[in-house]
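Reader: I am in my first year and would like to learn how to read a sheet in a protein model. Could you please take me closely through that one part and what surrounds it?

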Amino acid sequence: MGAASTPQPVSPRDRLPVFPWDRLEPYKTTAAAHPDGIVDLSVGTPVDPVPGVVQRALAAAADSPGYPTVWGTAALRDALTGWAADRLGAQGLEHANVLPVVGSKELVAWLPTQLGLGPGDRVGYPRLAYPTYEVGARLAGAEPVVYDDPCELDPSDLKLLWLNSPSNPTGRVLGAEELRRTVAWAREHGVLLFSDECYLELGWDADPVSVLHPDVCGGTVDGIVAVHSLSKRSNLAGYRSAFLVGDAAVLDDLLQIRKHGGMMIPAPVQAATVAALGDTAHVAEQRARYARRRAALRGAFEAAGFRIEHSEASLYLWATRDEPCWDTVGELAERGILVAPGEFYGPAGERFVRIAFTATDERVDAAVRRLAQ
């Protein structure tokens, strides 16, 4: 008998979709060739300064030679529970109901694996959605399934249900009644519900509500977890600071796994997070910046023949000219404006583009001028 062949690892290229942003590179090159430079409205990355109160807290904690803990300091847990009670209306929270994580994308990508999901398990997420929900399911070997209405999903083998309100990419906000109905359905069928609420503090034409609000969850967090991030509200994308709030049993399971994996927020970032959650002035200041940019870009794109749908919250405009999204991306790139094709967020977005209003005031003004020409 011949020697047994050595099993070969499965390449990520064989189990994951193509990383979407790589496909945008040729258009970025075109836009960058504009005589006045590129206006990059494709990725929603903050460009404004980190608030001074946060920078000072980070610097003060710089002398942190020891390992931080995965669960975070008691001061951090106090800040998380206090913020969730004040801002989300969550009731009866204790330290066991919160867990800091190393940015929300890491959490989304690895949650199904950390929950122990695998072949035969199903993960539900919106038809138009942040692509990492699908990636997380595939990394675990589970089956990703899309929905228009989560309550119409077949609950068989459905182990994890993602909500996303306000939505990335559409900016759609789910109302309290819709959230309440979904929470009840998930509990009835024993489906764990995670709600990605990272844009909750950026409502414009609607007031987003958390699944943790008592009007939605009935005053108990059993079976539900909310995901929040400081990347957008506090310009801390570079700090990788996010957190979970919800079912203590679920979070304890995740805490044990993350301890083994050494998944911990650096101690200075923990201190910075406490400062960020304790200050509302910088949040109001940043909202005002985004409100001005949003109004300018919305008016300019509508005047240029675009129709804006949803977009009542978040950092994006969901826009269409009723043509294939790559045609829109290409035409705008010729004007030096880079946007994200809606196809990145699922086939249902193939005639839309996502426009971020996270560029500087100067670059937003440049885009407005170009669209008017």
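Author: The account below follows the sheet from its strand order to the helices against it, and then turns to some loops and a cavity.

Please keep in mind that this is a predicted model. The sheet is an open one built from 7 strands, and its pairing is mixed. Read from one side to the other, the order is β2-β8-β7-β6-β5-β3-β4. The edges are held by β2 (98–101) and β4 (143–147); each has a single partner strand, so one side of each is left without a neighbour in the sheet. From one strand to the next, the twist averages 20°.

What holds neighbouring strands together? In general, strands of a sheet pair through backbone hydrogen bonds, in either a parallel or an antiparallel sense. A parallel example here is the pair formed by β3 (residues 122–126) and β5 (residues 158–164), which is joined over 3 bridges. Within this pair, Val-123 has Leu-160 of β5 as its bridge partner.

Two helices may be considered against this sheet. Helix α5 (residues 104–114) packs on it and touches β2, β5, β6 (192–196), β7 (224–229) and β8 (242–246). The direction of α5 makes about 160° with that of β5. Helix α6 (residues 132–140) lies across β3, β4, β5 and β6, and runs at about 150° to β4.

Following the chain out of β5, one comes to the loop between β5 and α7 (176–188), where Pro-166 lies. Ser-165 and Pro-166 are joined by a cis peptide bond, with omega about -5°.

Two further loops contain residues with a positive phi that are not glycine. Ser-314, in the loop between β9 (307–309) and β10 (316–320), has a phi near 80°. Asp-322, in the loop between β10 and α12 (325–334), has a phi of about 55°. Are these residues buried or exposed? Ser-314 is buried, because its relative accessible area is 0%, whereas Asp-322 is partly exposed, because its value is 45%.

Finally, there is the matter of enclosed space. A search of the whole structure finds 1 cavity of 30 Å³ or more, and the largest cavity holds about 40 Å³ of space. Its lining consists of Trp-83, Glu-197, Cys-198, Leu-200, Glu-201, His-228, Ser-229 and Arg-233. These lining residues divide into 3 nonpolar, 2 polar and 3 charged. Two of the names lead back to the sheet: His-228 and Ser-229 line the cavity, and β7 covers residues 224–229.

Notes: Residues are numbered from 1 along each chain as its sequence is written. This is a predicted model: local features need pLDDT of at least 70, side-chain atom pairs count only at pLDDT 80 or more; totals for chains, interfaces and linings use all residues. Side-chain values use heavy atoms; hydrogens and water are left out. Two strands pair if DSSP finds at least two bridges between them. Helices (H or I, at least four residues) and strands (E, at least two) are DSSP runs, numbered from the N terminus. Axes are lines fitted to C-alpha atoms, for helices over the stretch in contact, and angles run from 0 to 180 degrees between N-to-C directions. Contact means heavy atoms within 4.5 Å. Buried means under 20% relative accessible area, exposed over 50%, partly exposed in between (1.4 Å probe, protein chains only). On a 1 Å grid over the protein atoms alone, a cavity is a set of points where a 1.4 Å probe fits but cannot get out, and a pocket is an open set with protein on both sides within 12 Å along at least five of seven lines; lining residues have an atom within 4 Å of a point. Grid points are joined across faces, edges and corners, and a volume is the space filled by probe spheres set on the points. Ala, Val, Leu, Ile, Met, Phe, Trp, Tyr, Cys and Pro count as nonpolar, Asp, Glu, Lys and Arg as charged, and the others, Gly among them, as polar.
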